[in-house]
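Biologist: I am new to this structure and should be grateful for a close look at a single part of it, set within the whole.

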Amino acid sequence: MADGVSAIPASVLRNLSDKLYEKRKNAALEVEGIVKQLAVAGEHDKITAVINLLTNEFTYSPQANHRKGGLIGLAAATVGLSVEASQHLEQIVPPVINSFSDQDSRVRYYACEALYNIAKVVRGDFIVFFNQIFDALCKLSADSDPNVQSAAHLLDRLVKDIVTESDQFSIEEFIPLLRERMNVLNPYVRQFLVGWITVLDSVPDIDMLGFLPDFLDGLFNMLSDSSHEIRQQADSALSEFLQEIKNSPSVDYGRMAEILVQRAASPDEFTRLTAITWINEFVKLGGDQLVPYYADILGAILPCIADKEEKIRVVARETNEELRAINADPAEGFDVGSILSIARSELSSEWEATRIEALHWFSTLLNRHRTEVLSSLNDIFDTLLKALSDPSDEVVLLVLEVHACIAKDPQHFRDLVVSLVRNFQTDNSLLEKRGALIIRRLCVLLDAERVYRELSKILEGETDLDFASIMVQALNLILLTSSELSELRDLLKQSLTYQHASSVIQSLVEEDINVKFLVQLDKLIHLLETPIFAYLRLQLLEPGRYTWLLKALYGLLMLLPQQSAAFKILRTRLKAVPSYSLSGEQLKRASSGSPYSQISYMPSGTQISEDGDMNEESHNVHNGINFTSGLQQFANVQQQHRIHSKSQAQSRYSSTSSSKEAQRPEEPRRPSPVPDMSRPPSRSSRRGPGQLQL
């Protein structure tokens, strides 16, 4: 300290702390000259003493003018040292950097000016303090004083020039500091950071691309900044990096993919578009590196397929197709289970387009990795079943395709049909709204006869008789009216007989004929008038040949109430039957009900069964169907229904009796109206449970 005081006259020290800038400036020039002389003389101990004096007595002084004088004095000393300044930088630079946080804005301004002058002298030797200076400049870029900001910008430009020409700059030491600052929200700091990223990326010897994952997320953050200028700068920087990625032989796609996946779900539209564009390029360029990230990438793509912004939808669809076209091998890290998990999750998306693409992924994986998918069937099967209730017909049809693909194996086929029946049982609305669509489509995909046989086996053992009845009605309606089941209907035409139909009608007893029965009978009569049954109506032109058909229709007529519309329709149809070909003998045979006895011969000599008769010699088996056994089974089921109906009636009676006892004696009760059994409900009435939309 004493050496410093002795080296600098008291008048100079006094002027260095004067409140007038000119006096301080002149004093600094004298300090510069003194230090220059000491440097020439090689008296570095005295130079050190002078610097310590300027630091301790001035820059750290509680007086603002002293601090200003100390800063200008340190800069002057550096200029005086010239080429020898580097050996004193450890003393000179720290107090200047410390002054960047001074509470007095003028002191901060002079600190910027001082460091600017110091940097101009020492140039590359300045780099050892780069991180400290960068940190200080980052704060000053958002300074409340515009003069300080302006001074900081000048210093920043000089520091950038020094860094770009230096071979001592360490990007490895700088990146952690940059990464720490990237999430700052201040717009001035953001501009400062983007500026440095752009400058460093322009230096050929600095590999910023290799460290891109460290600050990529921060750049994406800036895409949603309220400042258009910042968004533009961030976008420009990202575009430049993406171009470098395309031209680089070695890129760490994995770490960046994780960031992009998160950003693809950003609420900001521009951020989503940029992220999905990057993902698109990564899928094209990444190759094997991206295999472990396919599930995450798919999870980012599928929601974007239904984005409100068309540009995003277009890029997302293209990316999805690119990803699906890659036939990755599980042996190379492709995780089928993870992809399935994403597809399953997206089946609950609120967007139809996303659900549809998720189902396409199910189909793709089943075709390519069937074994792996089936091993995860327990995890996805219930989700696929629930998807059958989707409000979109297209989604339901795709779900059925996936189910059908799974059901190629006999065991899975059985599981599918059983689960489907249980779903219909627990969710009546599914049967009502989607039953026809589901059954018809499965019949196309899995063979109608196979589907109906399996359903029959399941329903045969069903203990819930009400549900079984509803299902049978639904299946009958689908079978009789759907174009998809025309081949099965043709097969049934070859196998079933009108005599059997007549026998079923004759087996009915009084208890079987209730309102529900009459409603179904009404539907049947109306169906007989549709184009599907044109062949049957034409057969009525030959009553002599189709006597059992005639008897069956008359049997139906006798069951219908005379005032019902169905009765009038059927009676009108039967009146149109020609009587000229109906012989007395044929009428006698038909009325006798003699089972399975009619055999006639065509002129060519070919033996046929008239009217579908079955002879006794075949033991009542026709085309593989044992009709006698079938009639017995029908009788048994009807008996179960009668018992069930009686049980329900008794329960209702018990409830009614209990209700009567609970009523006050003085309260009279109106007699319950007797339902008009002669008039089944109108066809226009509201649809009951289990009745399907066709």
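Is Ser 82 buried, partly exposed or exposed? Please take that residue as the starting point and then place it among the other parts of the protein.

Modeller: The model is a predicted one, and what follows should be read in that light. Ser 82 counts as partly exposed, because its relative accessibility is 36%, a value between the limits of 20% for buried and 50% for exposed. Ser 82 sits in the loop that joins α5 (64-81) to α6 (89-98). The backbone there deserves attention. Most residues other than glycine have a negative phi. Ser 82, although not a glycine, has a positive phi of about 55 degrees.

Arg 123 offers a second case. Its phi is positive as well, at about 50 degrees, and it too is not a glycine. Arg 123 is found in the loop between α7 and α8 (130-140). With a relative accessibility of 28%, Arg 123 counts as partly exposed.

The position of Arg 123 leads to an annotated stretch of the chain. The UniProt record, an unreviewed entry, places the feature "repeat: HEAT" at residues 92-127. In the model, residues 92-127 are 69% helix and 0% strand, and the C-alpha atoms at the two ends are 14 Å apart. Helix α7 covers residues 105-122, and Arg 108 belongs to it. Arg 108 counts as buried, since its relative accessibility is 10% and the limit for that class is under 20%. Beyond its neighbours within four places in sequence, Arg 108 is in contact with Ser 99, Phe 100, Asp 102 and Gln 103, and also with Leu 140, Asp 143, Ser 144, Asp 145 and Val 148.

The wider setting can now be described. The protein has 694 residues, 46% of them buried. Its secondary structure comprises 34 helices and 4 strands. Of the contacts with a separation of 6 or more, 71% are between residues 24 or more positions apart.

Thr 271 gives an example of two parts of the chain brought together. This residue lies in helix α15, which spans residues 269-285. Thr 271 and Leu 223 are 48 residues apart in sequence, yet their C-alpha atoms are 5.8 Å apart in space. Leu 223 is one of the contacts of Thr 271 outside its neighbours within four places in sequence; the others are Phe 220, Ser 224, Arg 263 and Ser 266. Thr 271 counts as buried because its relative accessibility is 0%.

The next residue to consider is Arg 272, which is among the residues nearest the centre of the second largest pocket. Pro 303, Cys 304, Asp 307 and Trp 351 are the others named as nearest that centre, out of 14 lining residues. The volume of this pocket is about 260 Å³. Helix α16 (residues 294-304) supplies the largest share of the lining, 4 residues. By class, the lining consists of 8 nonpolar, 2 polar and 4 charged residues.

Trp 351 also has a link to Ser 349. The side chain of Ser 349 reaches the backbone nitrogen of Trp 351 at 3.0 Å. Ser 349 is placed in the loop between α18 (336-346) and α19 (352-368), and it is buried, with a relative accessible area of 14%. When residues up to four places away in sequence are not counted, Ser 349 touches Thr 354 and Arg 355.

Enclosed spaces complete the account. A search of the whole structure finds 2 cavities of 30 Å³ or more. The second largest cavity holds about 30 Å³ of space, and α16 and α18 each supply at least two residues of its lining. That lining consists of Val 291, Pro 292, Tyr 294, Ala 295, Asp 335, Ser 338 and Ile 339, which divide into 5 nonpolar, 1 polar and 1 charged.

The largest cavity has a volume of about 50 Å³. Its lining is formed by Leu 528, Glu 529, Leu 536, Arg 537, Leu 540, Leu 553, Leu 570 and Arg 573. Helices α30 (534-539) and α32 (565-575) each provide at least two of the lining residues. By class, the lining of the largest cavity has 5 nonpolar residues, no polar ones and 3 charged.

Key:
Residues are numbered from 1 along each chain as its sequence is written. This is a predicted model: local features need pLDDT of at least 70, side-chain atom pairs count only at pLDDT 80 or more; totals for chains, interfaces and linings use all residues. Side-chain values use heavy atoms; hydrogens and water are left out. On a 1 Å grid over the protein atoms alone, a cavity is a set of points where a 1.4 Å probe fits but cannot get out, and a pocket is an open set with protein on both sides within 12 Å along at least five of seven lines; lining residues have an atom within 4 Å of a point. Grid points are joined across faces, edges and corners, and a volume is the space filled by probe spheres set on the points. Ala, Val, Leu, Ile, Met, Phe, Trp, Tyr, Cys and Pro count as nonpolar, Asp, Glu, Lys and Arg as charged, and the others, Gly among them, as polar. Buried means under 20% relative accessible area, exposed over 50%, partly exposed in between (1.4 Å probe, protein chains only). A polar contact is a pair of N or O atoms within 3.5 Å; within protein, one must be able to donate a hydrogen and the other to accept it, and residues adjacent in sequence count only if both atoms are side-chain atoms. Contact means heavy atoms within 4.5 Å. UniProt positions are given in the numbering used here, feature names are shortened, and annotations may be inferred rather than shown by experiment.
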